[in-house]
Amino acid sequence: MNAQQQTDIWIRRDLEHCWHPFTPQSLWGTEAEILMIQSGQGVWLTDSLGRRYIDGNSSIWVNIHGHCHPRIVAAIQRQAATICHSSYLGFGHGLASDLATRLCSYFPKGTLTRVFFSDDGSTALESALKMAFQSHVQTPGEEARRHFVAFSNCYHGDTMGAASLGGVGTFFSKFRGFGVEVTHVRNMEELRALPPQFLSTVAGVVIEPVIQGVNRMTPWPQGMLRELRDFCTQQGIYLILDEVMTGFGRTGKLFACMHEGVIPDFLCCAKGLTSGYTPLAACLTTEAVFNKFIGRYSENKSFYYGHSFTAHPIGCAAAMASLDVFEEERVLEKLPPKMQLIGELAAALKRDNPYVSAVRQCGMILGIDIAHTDGSPYAQDERAGEKACVAMRPYGLLTRPCTHDTIVFMPPLCISESEIRHAFRAMDGGICDALSQL
Ligand SMILES: *Cc1c(COP(=O)(O)O)cnc(C)c1O
């Protein structure tokens, strides 16, 4: 069987039996060819027919050091040959001890001191929400704090609790009223304007710090996170940071909160924790929160929450190796010239490509808005962003839009300057090829 025949079989089986995330299945495979990704090396992906592409959105925002980094692969192989999984319920393991200690070490001593592991971004948020809620419920005088505040157009994951926070109507409006009680505000002004009586019933404010991802890669005003921290402290409200997308260097610092010297009460990370190699998430919190769950057994204060694969040893091994790579390869120190080049090429794209109406950059993250040449927006049904991304494939780039008219460029941090230039040529070409047809 040749590669084409094998690929055809996989595609047929996909169409018969598979169900893809966030995908209108009626369109799946009807316009764009279904690619079967087979292997990866650095920032390059290869499909089952041997075609190569730059991984322009880090395989849905997770990959940090490129694919098949030998150090991380070796750590995973070593761990797999030692033990793949053991229970974190009732037992510990060395890698989890080391990883928790290392994660806390990135923050000033005595601030974030406890790590609760889970599987992915959604469950990291779930655990933060449940901890915030429960810690108030079992603190005399604070029992009324049961509400959460989140920001319009935010995205915090897809499990019911995380989804009920979500501010993107398309994804979440059908689930309103199902999960946690949440009030959305657009900015600090609206938050400050909430009645004091209501604020005294708020358990936590949840935010994607510095930049909202799914909301078209929209950065917050500088200084806003600091303001929010001070506001939450004054009000006795927990600050919950969702660093699932922004964590691990994506914004130019190891965590986005470091841009404003902010320490939250909860910090959730996932995607890049293992360099995107295996699912693993962590919710970091303070000793003050941890202590609210301490009591006599009969007081029933424990945090009864967990998943079968909590602190998965292979994930922990990958995460430790990924953090080693940050240090050994001085990854963060090497970012500024890449971020500058992305900024320059983005400005040129906006200047020279008639379909690019705006660009927004935060570190190694770029959102590119597209519009008709007269500046009028594309209708959702034109699916312009999707078509532009499909048209980038022949130029050797894979990425996705994050709404129908914003294209994301968020490569692995290890991308070289010449690969960045390659990606921009592909984006320019693909955008023109697709949108000149609309
Ligand atoms: C991806 C993402 C999540 C959800 O993480 P999963 O691992 O997909 O469950 C939550 N918050 C933000 C900001 C994200 O980008």
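1. Let me start with Trp-61: at a relative accessibility of 8%, this residue counts as buried. Bear in mind that what we are looking at is a predicted model. Trp-61 sits in helix 2, which covers residues 58-61. Have a look at the backbone there too, since phi of Trp-61 is near 75 degrees, a positive value in a residue other than glycine. Trp-61 also turns up among the residues that surround the ligand, so keep an eye on this residue when you go through the site.

2. On to the ligand shell. Besides Trp-61, the residues around the ligand are Asp-120, Gly-121, Ser-122, Tyr-155, His-156, Gly-157, Glu-208, Asp-242, Val-244, Met-245 and Lys-271. By character, this shell divides into four nonpolar, four polar and four charged residues.

3. Now the polar side of the site. Ser-122 has an N or O atom in its side chain 2.6 Å from an oxygen atom of the ligand. Gly-121 takes part through its backbone, with an N or O atom 2.8 Å from a ligand oxygen. For a nitrogen atom of the ligand, look at Asp-242, where a polar side-chain atom lies 2.6 Å away. As for cover, the ligand on its own has 380 Å² of accessible area, and the protein covers 84% of that.

4. Next, the aromatic side chains. The structure holds eleven aromatic pairs. One of them is Tyr-88 with Phe-117, an edge-to-face pair at 6.3 Å centre to centre and 80 degrees between the planes. Tyr-88 belongs to the loop between helix 3 (70-82) and helix 4 (94-105), while Phe-117 is in strand 4 (residues 112-118), so the pair ties together parts that are 29 residues apart in sequence. The two partners have their own burial classes: Tyr-88 is partly exposed at a relative accessible area of 31%, and Phe-117 is buried at 2%.

5. Tyr-238 and Phe-266 make another edge-to-face pair, with 5.2 Å between the centres and 90 degrees between the planes. Here Tyr-238 comes from strand 10 (residues 238-242) and Phe-266 from strand 11 (residues 266-269), so this contact ties together parts 28 residues apart in sequence. Both of these residues, Tyr-238 and Phe-266, are buried.

6. There is also a cluster to look at: ring pairs link Phe-116, Phe-293, Phe-303 and Tyr-305.

7. Two arginines have their charged ends over rings. For Arg-114 the ring is that of Phe-290, with the charged end 3.7 Å from the ring centre. Arg-52 does this with Trp-44, where the charged end sits over the ring at 4.5 Å from its centre.

8. What does the side chain of Asp-405 contact? The partner is Arg-216, and a polar contact of 3.2 Å joins the two side chains. Asp-405 is placed in the loop between strand 16 (401-403) and strand 17 (406-409). Its relative accessible area is 7%, so Asp-405 is buried, and the cut-off behind that word is under 20%.

9. Back to backbone angles, this time in the loop between strand 10 and strand 11, where Phe-248 lies. Phe-248 has a positive phi of about 65 degrees although it is not a glycine. With a relative accessible area of 1%, Phe-248 is buried.

10. Ile-263 lies in the loop between strand 10 and strand 11 as well. Is Ile-263 buried or partly exposed? At 23% relative accessibility, Ile-263 counts as partly exposed. If you want a distance to check, Ile-263 and Gly-167 are 24 Å apart in space, C-alpha to C-alpha, and 96 residues apart in sequence.

11. Last, Leu-35, which has its place in the loop between helix 1 (3-17) and strand 1 (37-41). At 19% relative accessibility, Leu-35 counts as buried. That class applies because buried means under 20% relative accessible area. Between Leu-35 and Trp-10 there are 9.9 Å in space, C-alpha to C-alpha, with the two residues 25 apart in sequence.

Notes:
Residues numbered from 1 in each chain as written. Predicted model: local features only at pLDDT ≥ 70, side-chain atom pairs only at ≥ 80, totals over all residues. Heavy atoms only, no water. Near = heavy atom within 4 Å. Polar contact = N/O pair within 3.5 Å; in protein donor to acceptor, adjacent residues only side chain to side chain. Areas by Shrake-Rupley, 256 points an atom, 1.4 Å probe, with all protein chains shown as cover. Nonpolar A, V, L, I, M, F, W, Y, C, P; charged D, E, K, R; others polar. Phe/Tyr/Trp six-rings, centres within 6.5 Å; stacked < 30°, edge-to-face > 60°. Helix = DSSP H or I, 4+ residues; strand = E, 2+ residues; numbered from the N terminus. Buried < 20%, exposed > 50% of the residue type's maximum accessible area, 1.4 Å probe, protein only. Lys NZ or Arg CZ within 6 Å of the ring centre and 35° of its normal.
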